[in-house]
Amino acid sequence: MRRVVILPIFLFLMAIFWPFSADAGLQEEIDARNQQIEEIQKQIDAYQQQIEESSSREQTLAGEIAQLNAQINKVQLEIKSLDIAIGQTGLEIQDTQTGIQNATDQLQLQKEVLAKYMRILYELDKENLTRVLLSNAKLSDFFNNLKNLGDIQDNLQATIVSIKDLKANLEQNESDLEDKKTELGQLKGLQQVEKSNLNSTTGEKNAILKETKGQEAKFQQLVKQSQQDIARIRDQISYLIQNGITAEEAVKFGQLAAIRTGIRPEYLLAELNQESGLGINVGKCFITDLTSGASRHITTGQVFARGINPTRDLPSFLIITAELGKDPLQTPISCWPGYGWGGAMGPAQFIPSTWMGYRDEVTRLTGHNPANPWSIEDAFVAAAAKLARDGADSKTRAGEIAASKKYFCGNSKSTASNCINYANTVQDKAAIIAQSL
């Protein structure tokens, strides 16, 4: 009998302890960007406090300009913070991709180790026991070989366990990568909204200065004219209007939904407008495949493979459209935004699986049965109900910020830059809308 040659155990250990992330230098850069974001957030908070203090005082031209300047500085810092966060997320994606490649390499190594162990066992299994006994000069040699065989079997089992662990690690890394890509897309979308807000606030400041020519009396006259001014509200809910909702409808249904659920109307309008601003493809796609969930842009014809999640959302979407008597292939959904999945419905941008958890409550509050996510009233009530459930019914800044974070990224306590900036922007817009309601 040939002596059994056991593969070096270091191959197994190397596969377990191989590093799955990028080098320390990359992690240090990620940490440094985190520190930058934290420092900028402190400055943003200081400007927010200044804005809140200004809004509590009697409106004067100097105070209004100071408040607008604080808002401009705050938004500029938020854009800067988002820019750093975008770079940081890019580094994290790079780090995760490195982890995936390392995990893939080590998985291949372990498969090779497994194949070698199995070949050895196969060769040993062909040996006849009598022949094995006779081929060993000493009985001790026979038992040594038996021990070697046991070692091989143990290592084979350990290798199988290691392969399972590596596969699990690889799947987790791939899931993390998808999450990071989603976050990157959200950050870029938020940055575009913030830039639009900056232009709007700067324009408002310039318009006030031009209209008043620096005179307090003219400013006070302007303040009186702006009260209950639908034009001012129209400027603040431009994204809702772009998606087929008039300012008058938004105010009417926003107030009704807010009253029914116990939240502030201006907060609801700001939240929905923020969602419409991020969901620039709201209702612009039709599903083309009821198995894969692929969709096509209604006007451009562009095809999106990730049109709607085929396991999480498509079954619910089919139920919703069937109840409403709608053709699922001719009912608009949001297109794929460049990350995650498309498939959100109506003004509130609920994905079908989430809508299913609120439709009964919408029916109770509106009397509409079945509830319709493409109806302005039902969509507004659903969004209001969700926000109220997540803390906005407290009508406090802290409660509303928690609700916005939950609405946007699923975690009311998130400290991620995209969540913080999203929630703060909603608050800024709500403050402006409140002045005109």
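Two strands count as paired here if DSSP finds at least two bridges between them. I kept that in mind while opening this predicted model.

**Entry: the sheet**

I began with strand 2, residues 295-297, and looked up how it meets strand 3. The two pair in the antiparallel sense, over two bridges. Which residue of strand 3 is the bridge partner of Ser 295? I found Phe 304 there.

Next I stepped back to the whole sheet. Three strands make it up, in the order 1-2-3, and the sheet is open with antiparallel pairing. Strand 1 (285-287) and strand 3 (303-304) stand at the edges with a single partner strand each, so one side of each has no neighbour in the sheet.

**Entry: the cavities**

How many cavities of 30 Å³ or more are there? I noted two. The largest has a volume of about 150 Å³.

I then checked what surrounds that largest cavity. Its lining has 13 residues, and Asn 197, Thr 201, Asp 428, Lys 429 and Ile 432 lie nearest the centre. Helix 3 (61-125), helix 5 (139-212) and helix 16 (417-434) each give at least two residues to this lining. Sorted by class, the lining holds three nonpolar, six polar and four charged residues.

**Entry: the core**

My last stop was the largest nonpolar core, which has 73 residues. Which of them have the most contacts inside it? They are Ile 263 and Phe 380.

I followed Phe 380 further, leaving aside neighbours within four places in sequence. Its contacts include Ile 245, Phe 253, Leu 268, Leu 269, Leu 272 and Pro 347. Gly 254 is also in contact with Phe 380, as are Ala 250 and Ala 257.

Key: Residues are numbered from 1 along each chain as its sequence is written. This is a predicted model: local features need pLDDT of at least 70, side-chain atom pairs count only at pLDDT 80 or more; totals for chains, interfaces and linings use all residues. Side-chain values use heavy atoms; hydrogens and water are left out. On a 1 Å grid over the protein atoms alone, a cavity is a set of points where a 1.4 Å probe fits but cannot get out, and a pocket is an open set with protein on both sides within 12 Å along at least five of seven lines; lining residues have an atom within 4 Å of a point. Grid points are joined across faces, edges and corners, and a volume is the space filled by probe spheres set on the points. Helices (H or I, at least four residues) and strands (E, at least two) are DSSP runs, numbered from the N terminus. Ala, Val, Leu, Ile, Met, Phe, Trp, Tyr, Cys and Pro count as nonpolar, Asp, Glu, Lys and Arg as charged, and the others, Gly among them, as polar. A nonpolar core is a set of buried Ala, Val, Leu, Ile, Met, Phe, Trp, Tyr and Cys residues joined through side-chain atoms within 4.5 Å. Buried means under 20% relative accessible area, exposed over 50%, partly exposed in between (1.4 Å probe, protein chains only). Contact means heavy atoms within 4.5 Å.
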